[in-house]
Amino acid sequence: MSTSATQPIITPSGGETQRPLVRIGTRKSALALIQAEWVAAELKKLHPGTDFEVCGMLSTADKDKITALYKFGGKGLWTNELEAALIANQLDIIVHCAKDMPTSLPAGCTLACFTEREDPRDVVVVKKSLEGKYKTLADLPEGAVVGTSSVRRMAQIRRRYPQLRFQDMRGNIDTRLKKLDADDSEYSVLILAAAGLHRSDRYARIAQYLEQGTEGGGMLYAVGQGGLVIEARADDVKMLEMLKPFQDEKTMLAIETERSVMRTLEGGCSIPIGVETAWLEGNKLRLTGCVVSIEGTEAADAESVEEVTTREQAVAFGKKVAQMLVDNGAQAILDAINKDREASRDKAEPWVPA
């Protein structure tokens, strides 16, 4: 059941036995609600004697789809309202997309549980009227318009396909697909996260997966992409224990490694940092990272393999690869991006996280 987080919780009265109720906070977008309902259903299997209620809220970025996110400051745009409700005991847990999470949390909050990761890759979605003509980015003619508002995606695609053009695209998945498929649309393709299309059962719209090893792909994804994370109050011992059996340890370690890269580089969802993690034999984790200039003309790349079995090792590994990126030229690219962002802050066009 979904309700607004501001509605009062109704508990049984009279002779009825009151069952424990866990209030799950999430954004009000259709995909966010699907994800939170899935978490509620999975937790119900683990704790059949507890009721779970999904409470949707609008984030700052949901309420204002016009103002450029640069002007908000760029961190916590998708999480601040939910975290305020969590701290105020109006919610018990929050379900977030891991890629929306800032690298630091409010005092008293913790990332209590990482669920099994969905496909983290980016994908190409072709306009319906062009599906018989194009299948991959390499098929697109010079000047074809790619729809995305992610600077990470723009930068990496420009690096390999400088002949393509880019146009902002905001909104939920339904809105974006409608804009793409409209008869008067100038877009040829969209770049979206595979996870959202999978979770909303839109596999058929995927024309190409863009992971590093795919011919014509060569794209690293956003930090945390494809992952769901559950935030809770750090002192809520009962809730933390309830979430323990739902944790996917490999997902937690991989995403904490990725988050450490971004934290070390002091990047956010407006910075073109791409990552890819893959588990090899045993507990060895391969981490690949890149930082690409917005024009796609400069890039720093790094890759390393290490054994990772604890959160502390994951954080240390992420720091190591971040330093490799800096040594390979990432800091100069990031400094130039930050300088340009400050200079053009008041003129920035709307964009959304990768």
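## A walk through the chain, starting from a buried arginine

Arginine 153 is buried, with just 3% relative accessible area. Keep in mind that we're looking at a predicted model. What does arginine 153 form a salt bridge with? Its partner is aspartate 122, and the closest N and O atoms are 2.7 Å apart. The pair links distant parts of the chain, with arginine 153 in helix H4 (residues 151–160) and aspartate 122 in strand S6 (residues 122–126), 31 residues apart. Aspartate 122 has a relative accessibility of 2%, so it counts as buried too.

That salt bridge brings us to the sheet that S6 belongs to. Five strands form an open sheet here, in the order S8-S7-S9-S6-S10, with mixed pairing. At the edges stand strand S8 (165–167) and strand S10 (206–209); each has a single partner strand, so one side of each is left without a neighbour in the sheet. From one strand to the next, the twist averages 35 degrees. Inside the sheet, S6 and strand S9 (residues 187–193) run antiparallel and are joined by five bridges. If you want a place to look, valine 126 has valine 189 in S9 as its bridge partner.

Now for the helices that go with these strands. H4, the home of arginine 153, lies across S6, strand S7 (145–147), S8 and S9, and runs at about 120 degrees to S9. Helix H5 (residues 173–181) lies across S6 and S9, running at about 160 degrees to S9.

Let's step back for the whole chain. It has ten helices and 14 strands, and 53% of its 354 residues are buried. Take the contacts between residues at least 6 apart in sequence: 71% of them join residues at least 24 apart. The chain exposes about 15800 Å², and carbon and sulfur atoms supply 50% of that.

Back to charges. Side chains of opposite charge can pair when their charged atoms come close. The count of salt bridges comes to 20. One of them joins arginine 23 to aspartate 92, with the closest N and O atoms 3.0 Å apart. Arginine 23 sits in strand S2 (residues 21–27) and aspartate 92 in the loop between helix H3 (80–87) and S4, so the pair ties together parts that are 69 residues apart in sequence. Are these two residues buried or exposed? Arginine 23 is buried at 18% relative accessible area, and aspartate 92 is buried at 10%. There's a wider arrangement here as well: Arg23, Asp92, Arg233 and Asp236 are linked in a network of salt bridges.

For another setting, try lysine 45 and glutamate 42. They form a salt bridge whose closest N and O atoms are 3.0 Å apart. Both lie in helix H1 (residues 30–46), and because they are three residues apart, about one helical turn separates them. Lysine 45 is exposed, at 61% relative accessibility, while glutamate 42 comes in at 21%, which makes it partly exposed. The cut-off for buried is under 20%, so glutamate 42 falls outside that class.

H1 also takes part in an aromatic pair, and a search of the whole structure finds one such pair. Its rings belong to tryptophan 38 and phenylalanine 246; their centres are 5.8 Å apart and their planes meet at 45 degrees, so the pair is tilted. Once again distant parts of the chain are linked: tryptophan 38 is in helix H1 and phenylalanine 246 is in the loop between helix H7 (237–243) and helix H8 (249–265), 208 residues apart. Tryptophan 38 is partly exposed, with 35% relative accessible area, whereas phenylalanine 246 is buried at 12%.

Finally, look at strand S5 and what leads into it. Aspartate 100 lies in the loop between strand S4 (93–97) and strand S5 (109–114). Despite that loop position, aspartate 100 is buried, with a relative accessible area of 12%. How far apart in space are aspartate 100 and glycine 224? C-alpha to C-alpha, they are 8.0 Å apart, though 124 residues separate them in sequence. S5 itself is mostly covered, with five of its six residues buried. Five bridges join S5 to strand S11 (residues 228–233), and the two run antiparallel. Among the residues paired there, phenylalanine 114 has valine 229 in S11 as its bridge partner.

Note on methods. Residues numbered from 1 in each chain as written. Predicted model: local features only at pLDDT ≥ 70, side-chain atom pairs only at ≥ 80, totals over all residues. Heavy atoms only, no water. Helix = DSSP H or I, 4+ residues; strand = E, 2+ residues; numbered from the N terminus. Buried < 20%, exposed > 50% of the residue type's maximum accessible area, 1.4 Å probe, protein only. Pairing = 2+ DSSP bridges. Contact = heavy atoms within 4.5 Å. Areas by Shrake-Rupley, 256 points an atom, 1.4 Å probe, with all protein chains shown as cover. Salt bridge = Lys/Arg side-chain N within 4 Å of Asp/Glu carboxyl O. Axes fitted to C-alpha atoms, helices over the stretch in contact; angles between N-to-C directions. Phe/Tyr/Trp six-rings, centres within 6.5 Å; stacked < 30°, edge-to-face > 60°.
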